[in-house]
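Student: Could you take me on a close look at one part of this fold, the packed interior, and work outward from a single residue there? I'd like one connected answer, please.

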Amino acid sequence: AFGFTCCLMMLSFLYPVASGNMVPLAWVFGGIVLIIAGIIEIYREDIFHGTVFGCYGCFWIGVANGAGGSIYFSGWGLLTCGFLVIALRKNIGSILLFASAANALFLLAAGVGLTTVNADLVGAGAWSLFITGCICMYAAFGTLIHDTYGFLLPLLAPMPVWWPLCCWPHPPRDTHKVRSIFG
């Protein structure tokens with residue numbers, strides 16, 4: 001949902017006449033669907049992806065409601081940098097995704113500016129977020145392919161043991177107990 005919304009919303013920033021009204025897409029597909037996906041992931045005890053989906057669902061709802069100033073994009077860029085640090089333990093696809101998203105958000109923040117708009121930076125940020133959306137869709141389809149056929153696409157395999165950040169200790173988890181989000 002995030003990748004598809006990124007691609008279409010950024011194309012609408014670049015070609016506003018041809019794209020029509022993208023606000024409902026950002027609200028429903030980018031916002032509500034991602035929040036529901038976040039709740040499902042947290043229920044499945046995948047806290048990282050649940051948090052990411054929920055946060056970016058709120059991001060797209062904010063964009064749909066007209067948020068998008070320099071401070072807004074900068075704040076989301078900083079949050080994305082935090083996700084990038086955590087993604088260093090996941091896989092190369094996740095690292096590319098969060099690095100690209102942070103780059104795009106900081107470019108958009110610089111382009112929108114506090115007082116003036118720089119169309120070149122906004123365009124660069126939009127293209128960067130379009131690339132982020134493509135990386136995200138690659139990762140999403142890679143996950144679906146892995147769950148369906150058991151095949152891992154390139155860049156989506158877990159980080160190798162020699163990767164320095166794989167040595168960090170994992171917190172203990174009670175995997176035998178299923179927790180319910182409903183009480």
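Tutor: Happy to. Leaving aside residues up to four places away in sequence, Cys-6 touches Trp-60, Leu-129 and Gly-133, where a contact means heavy atoms within 4.5 Å. Before going further, please note that this is a predicted model: local features need pLDDT of at least 70, side-chain atom pairs count only at pLDDT 80 or more, and totals for chains, interfaces and linings use all residues. Residues are numbered from 1 along each chain as its sequence is written, and side-chain values use heavy atoms, with hydrogens and water left out.

Cys-6 sits in helix H1 (residues 2-14); helices here are DSSP runs of H or I with at least four residues, strands are E runs of at least two, and both are numbered from the N terminus. Its relative accessible area is 0%, so Cys-6 counts as buried (under 20%; exposed is over 50% and partly exposed lies in between, with a 1.4 Å probe and protein chains only). Its C-alpha is 7.3 Å from that of Thr-132, although 126 residues separate the two along the chain. For the chain as a whole, 63% of the contacts between residues at least 6 apart in sequence join residues at least 24 apart.

Now widen the view. The chain has seven helices and zero strands, and 35% of its 183 residues are buried. The largest nonpolar core, a set of buried Ala, Val, Leu, Ile, Met, Phe, Trp, Tyr and Cys residues joined through side-chain atoms within 4.5 Å, has 29 residues. Those with the most contacts inside this core are Phe-2, Met-9, Tyr-56, Phe-59, Trp-60, Phe-73 and Phe-98. H1, helix H3 (23-43), helix H4 (47-64), H5, H6 and helix H7 (119-149) each give two or more residues to this core, and H4 supplies the largest share, seven residues. As background, nonpolar side chains tend to be buried together in soluble globular proteins.

Tyr-56 shows how the packing links distant stretches of sequence: beyond four places away, Tyr-56 touches Phe-2, Gly-30, Leu-34, Trp-76, Thr-80, Phe-83 and Phe-98. Tyr-56 also belongs to one aromatic cluster with Phe-48, Phe-59, Trp-60, Tyr-72, Phe-73, Trp-76, Phe-83 and Phe-98. Rings of Phe, Tyr and Trp (its six-membered ring) pair if their centres lie within 6.5 Å; planes under 30 degrees apart count as stacked, over 60 as edge-to-face and the rest as tilted. The count by this rule is 13 aromatic pairs. One of them joins Tyr-72 and Phe-73 edge-to-face, with 5.9 Å centre to centre and 65° between the planes; both residues are buried.

Finally, look at the start of H6. Asn-91 lies in the loop between helix H5 (70-87) and H6, and Asn-91 counts as buried because its relative accessibility is 13%. A side-chain oxygen of Asn-91 comes within 3.2 Å of the backbone nitrogen of Gly-93, while the Asn-91 side chain reaches the backbone nitrogen of Ser-94 at 2.7 Å. Beyond four places in sequence, Asn-91 touches Leu-155, Leu-156, Ala-157, Pro-158 and Met-159. H6 itself (residues 92-112) has 21 residues and spans 30 Å from first C-alpha to last, close to the 30 Å expected at 1.5 Å a residue (1.5 Å times one less than the number of residues). Just after H6, Gly-113 takes a positive phi of about 65°.

Key
Polar contact = N/O pair within 3.5 Å; in protein donor to acceptor, adjacent residues only side chain to side chain.
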